[in-house]
Amino acid sequence: MNYSIAIYGGPYSNQAAHSALHFAQAALTRGHCISRVFFYHDGIYNGSALVSPPQDEANVPAQWHTLAKENDIELVVCIAAAVRRGLLDEKEAKRYSRASHNIAEGVSLSGLGQLIDAGLTSHKLITFGL
Amino acid sequence: MSENMSDLLIMFRKAPIGTSWAREALDLALVGAAFGQHVSLLFMGDGVYQLLTNQQPESVGQKGTQAMMKALPMYDIEQIFVSQQCLADRGLTQDQLGFSCDLLDQTQVQALLQSHQQVFNF
């Protein structure tokens with residue numbers, strides 16, 4: 001089965017990204033495919049390269065970035081939701097004349113159409129974080 | 001309830017101000033329509049407040065959803081459903097709503113959900 005995942009909850013304040021990570025790991029273990037993870041609403045903060053929890057706490061965004069790299073999963077952050085909340089890539093930082101950018105390597109900013117597309121092209125789209 | 005032909009159902013369960021859920025859900029509806037999908041909207045819970053007239057979101061520094069709601073016909077989004085029960089629970093009646101809606105009872109809400117392959121819940 002080909003799954004896509006939508007995550008609406010931010011790291012630390014919401015369990016969504018963690019639950020979704022467990023789901024993705026279980027699905028991959030059983031031979032399913034995760035083609036895209038789309039981050040929307042406060043879920044966009046999972047795309048930050050700067051998430052820095054204490055050592056005895058899980059860094060869920062970093063775990064997502066690793067899992068995606070190892071399994072060829074596309075991590076997409078909604079650009080409109082992200083820029084409003086201060087998550088920028090180099091291009092957007094230039095566009096808005098900001099001194100720095102903070103999106104993690106392997107995560108891309110794109111439009112909401114990618115979420116619609118994930119729903120249409122995957123067998124199932126599973127949402128976490130309402 | 002009229003025969004439903006839409007591809008995509010977006011459920012709105014949050015108030016128009018206080019959080020960004022309502023605006024971000026509407027964004028998805030508009031993008032879905034721009035991608036050629038037939039989109040229907042279902043308002044439930046506190047989401048029914050999005051349909052009220054005479055909102056003043058600017059008094060709390062927000063944009064609200066009224067302007068986006070008014071753009072719906074331009075995106076060919078014309079099927080707006082609202083839960084009768086959720087309206088009644090909040091002491092609201094259909095004549096207080098600024099948009100033309102189909103009121104659904106609980107059974108019709110279930111049928112609407114079942115008739116859609118794609119449901120986004122906000």
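Two residues are said to be in contact when heavy atoms of theirs lie within 4.5 Å. With that in hand, a good place to start in this predicted model is A:Arg85. Leaving aside residues up to four places away in sequence, A:Arg85 touches A:His41, A:Asp42, A:Ile44 and A:Tyr45 in chain A, and also B:Ser20 and B:Glu24 in chain B. The residue belongs to helix H3 of chain A, which covers residues 79–85. Because its relative accessibility is 18% and the cut-off for buried is under 20%, A:Arg85 counts as buried.

A wider view of chain A helps to place this residue. Chain A contains 5 helices and 5 strands, and these follow one another along the sequence as β-α-β-α-β-α-α-β-α-β. Its C-alpha atoms fill a box of roughly 45 × 40 × 25 Å along the principal axes. A compact globule of 130 residues would have a radius of gyration near 14 Å, and the 14 Å found for chain A therefore agrees with that expectation. Of the 130 residues in chain A, 47% are buried. Contacts that span much of the sequence are well represented: among those between residues at least 6 apart, 77% join residues at least 24 apart.

The outside of chain A can be described in a similar way. About 6,600 Å² is exposed, and carbon and sulfur atoms supply 48% of this area. The chain carries 10 positive and 11 negative side chains, with the centres of the two sets 7 Å apart.

Chain B can be read along the same lines. Its elements comprise 4 helices and 5 strands, running from the N terminus as β-α-β-α-β-α-β-α-β. Chain B has a radius of gyration of 13 Å, close to the 14 Å that the globule rule gives for 122 residues, so it is as compact as a globular protein of that length. The C-alpha trace of chain B spans about 40 × 35 × 20 Å along its principal axes. Buried residues account for 47% of the 122 residues in this chain. For contacts in chain B with a separation of 6 or more, 76% are between residues 24 or more positions apart. Chain B exposes about 6,100 Å², to which carbon and sulfur atoms contribute 48%. Its charged side chains number 6 positive and 12 negative, and the centres of these two sets lie 11 Å apart.

Helix H5 of chain A, residues 113–121, offers another view of how the two chains meet. Its buried residues are A:Gly113, A:Leu115, A:Ile116, A:Ala118 and A:Gly119. Within chain A, the buried residues of H5 pack against strand E1 (2–7), strand E2 (33–39) and strand E5 (124–128). They also pack against chain B, where their partners are strand E1 (8–12), helix H1 (21–34) and strand E5 (118–121).

Finally, the cysteines deserve a short look. A disulfide is a covalent bond between the sulfur atoms of two cysteines. Over all chains, the structure holds 0 disulfides. Two cysteines of chain A can be described by their surroundings. A:Cys78 is buried, because its relative accessible area is 2%. A:Cys33, by contrast, counts as partly exposed because its relative accessibility is 39%.

Technical notes: Residues numbered from 1 in each chain as written. Chains lettered and ligands numbered in written order. Predicted model: local features only at pLDDT ≥ 70, side-chain atom pairs only at ≥ 80, totals over all residues. Heavy atoms only, no water. Rg over C-alpha atoms; globule rule 2.2 N^0.38 Å. Buried < 20%, exposed > 50% of the residue type's maximum accessible area, 1.4 Å probe, protein only. Areas by Shrake-Rupley, 256 points an atom, 1.4 Å probe, with all protein chains shown as cover. Lys, Arg positive; Asp, Glu negative; His and termini not counted. Charge placed at Lys NZ, Arg CZ, Asp CG, Glu CD. Disulfide = S-S within 2.5 Å.
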